[in-house]
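Work through the exercises below with the sequence and the 3D view at hand. Try each task before reading its solution.

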Amino acid sequence: MVNLSNDAAGLIRNLVSDSDLPESAGLRLATDDDTHALAMNLEAEPRQDDVVVEHEGAALYVSPVAGARLEDLTLQAQLEPRPAFFLD
């Protein structure tokens, strides 16, 4: 399963706190139905089949297809310089 680095967890927490979603929201990783590319967006809660990865107060919701593609990888983030972004 995919893991979260400390910086990625911090970025997810910041994105959620800057949104209109509840603090229990998380970042969802899934595959686009048309292009099969990985996609991410903030979601208020995981979908029924999502695997939930929690780290340092951040939640990552991973669809089954995305989880298979990201097996044993760690989501990284670069926080400085601004703006922050996720790394592959």
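**Exercise 1: R47 and its partner**

R47 counts as partly exposed, because its relative accessibility is 47% and partly exposed covers the range between buried (under 20% relative accessible area) and exposed (over 50%), with a 1.4 Å probe and protein chains only. The model is predicted: local features need pLDDT of at least 70, side-chain atom pairs count only at pLDDT 80 or more, and totals for chains, interfaces and linings use all residues. Residues are numbered from 1 along each chain as its sequence is written, and side-chain values use heavy atoms, with hydrogens and water left out.

Task: state which residue forms a salt bridge with R47.

Solution. A salt bridge is a side-chain nitrogen of Lys or Arg within 4 Å of a carboxyl oxygen of Asp or Glu. The partner is E43, with the closest N and O atoms 3.3 Å apart. E43 is buried, at a relative accessible area of 15%.

**Exercise 2: the other pair**

Task: find what D50 meets in a salt bridge.

Solution. The search of the whole structure gives two salt bridges. In one of them, the side chain of D50 meets that of R28 at 2.7 Å, N to O. D50 sits in the loop between β3 (38-43) and β4 (51-55) and R28 in strand β2 (residues 26-31), so the pair ties together parts 22 residues apart in sequence. Strands are DSSP runs (E, at least two residues), numbered from the N terminus. Both D50 and R28 are buried.

**Exercise 3: strand β5**

Task: determine how many residues of β5 (residues 58-62) are buried.

Solution. Five of its five residues are buried. A58, L60 and V62 lie on one side, A59 and Y61 on the other.

Key: Helix = DSSP H or I, 4+ residues; strand = E, 2+ residues; numbered from the N terminus.
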